[in-house]
Amino acid sequence: MQYNPKRVPPHIGYYLAGFADGEGSFNIIFGKRDDYTNQWKISPSFNVSQKDPVILSLFKKHLKCGTMRQRQDGVWYYEVNNLKSICENVIPFFEYFGFLSSKKKNDFSKFKKIVYLIREGKHLTEEGIKEIISIRNKMHNGGKRNYSEEEILKEI
């Protein structure tokens, strides 16, 4: 059965969207891979972390995807990094329930653009990787990155 965010009780959906507005993160992760043609695995990810797993279990239950785990420091972590689940569950959920903050709206919009580029296979080309980097650089006010734009471009 196809995921439908309209089946999520509105009070839960809006609560989770509000929670993600403050605590959630949409990321594009570049991982170095020697077994990949262009040496980079580009993965979209949505995550939320909290000390109390109750709210995170609501995300898992109502988004119908993702994994939960506890880190060594006792913090719980909910993450969706499967492209199909992001396209079919995460994006429709947040399109339906939305965000109030302009920052999260902007990051989510850029995240969606990158996800759709990946889904179209653009991440497998040099031009596509450059476009993804350009969009990603505008997320999270630049944010902390494992690999700089220069490091990535040098290796493609």
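These are numbered comments on a predicted model, going from the sheet to the helices and then to single residues.

1. **Sheet order.** The sheet is open and has four strands. Their order is β1-β2-β4-β3, with antiparallel pairing. β1 (25–32) and β3 (67–70) are the edge strands, each pairing on one side only. From one strand to the next, the twist averages 35°.

2. **β1 with β2.** These two strands run antiparallel and are joined by eight bridges. One pair to locate in the viewer is Ile29 with Ser43, its bridge partner in β2.

3. **β2 with β4.** Five bridges join this antiparallel pair. Phe46 stands opposite Val80 in β4. Gln50 has Trp76 of β4 as its bridge partner.

4. **β3 with β4.** β4 covers residues 76–80 and is joined to β3 by four bridges. The two strands run antiparallel. Here Gln70 has Trp76 as its bridge partner in β4. Trp76 is thus worth a look from both sides: it is the bridge partner of Gln70 and also that of Gln50.

5. **The hairpin turn.** β3 and β4 form a hairpin, and five residues lie between them. Gly74 sits in that turn, with a positive phi of about 90°.

6. **Burial of the strands.** How many residues of β2 are buried? Eight of the 11 are, so the strand is largely enclosed by the rest of the structure. β4 is mostly covered too, with four of its five residues buried.

7. **Helices on the sheet.** Helix α3 (residues 83–97) lies across β1, β2 (40–50) and β4. Its angle to β2 is about 45°. Helix α4 (residues 102–119) also packs on the sheet, where it touches β1 and β2. The direction of α4 makes about 40° with that of β1.

8. **α1 against α3.** Helix α1 spans residues 10–23. The axes of α1 and α3 come within 10 Å and cross at roughly 100°. The two helices are therefore roughly perpendicular to each other, given that 65 to 115 degrees is the range for that term.

9. **What lines that crossing.** Which residues of α1 and α3 meet? From α1 come Pro10, Gly13, Tyr14, Leu16, Ala17 and Ala20. From α3 come Phe93, Phe94 and Phe97. By class, the contact has eight nonpolar residues, one polar and no charged.

10. **Phe99.** This residue is found in the loop between α3 and α4. Is it buried or exposed? Phe99 counts as buried because its relative accessibility is 7%, and the cut-off for buried is under 20%. Leaving aside neighbours within four places in sequence, Phe99 is in contact with Ala17, Ala20, Asp21, Phe26, Phe94, Lys104, Lys105 and Phe108. Among them, Ala17, Ala20 and Phe94 also take part in the meeting of α1 with α3. Asp21 is a long way off in the chain: Phe99 and Asp21 are 78 residues apart in sequence. In space they are 5.9 Å apart, C-alpha to C-alpha.

11. **Cysteines.** How many disulfides does the whole structure hold? A search finds zero. For Cys65, the nearest cysteine sulfur is that of Cys87, 11 Å away. The reverse holds for Cys87, whose nearest cysteine sulfur is that of Cys65. A disulfide needs the two sulfur atoms within 2.5 Å. Cys65 counts as buried because its relative accessibility is 6%. Cys87 counts as buried as well, at 14%.

12. **Gly31.** This glycine is in strand β1, one of the edge strands. Where does Gly31 fall, buried or exposed? It counts as partly exposed, because its relative accessibility is 23%. Not counting residues up to four places away in sequence, Gly31 touches Gln39, Trp40 and Lys41. Gly31 and Ile42 are 11 residues apart in sequence, and their C-alpha atoms are 6.4 Å apart in space.

Key. Residues numbered from 1 in each chain as written. Predicted model: local features only at pLDDT ≥ 70, side-chain atom pairs only at ≥ 80, totals over all residues. Heavy atoms only, no water. Pairing = 2+ DSSP bridges. Axes fitted to C-alpha atoms, helices over the stretch in contact; angles between N-to-C directions. Contact = heavy atoms within 4.5 Å. Parallel < 35°, antiparallel > 145°, perpendicular 65-115°, else oblique. Nonpolar A, V, L, I, M, F, W, Y, C, P; charged D, E, K, R; others polar. Buried < 20%, exposed > 50% of the residue type's maximum accessible area, 1.4 Å probe, protein only.
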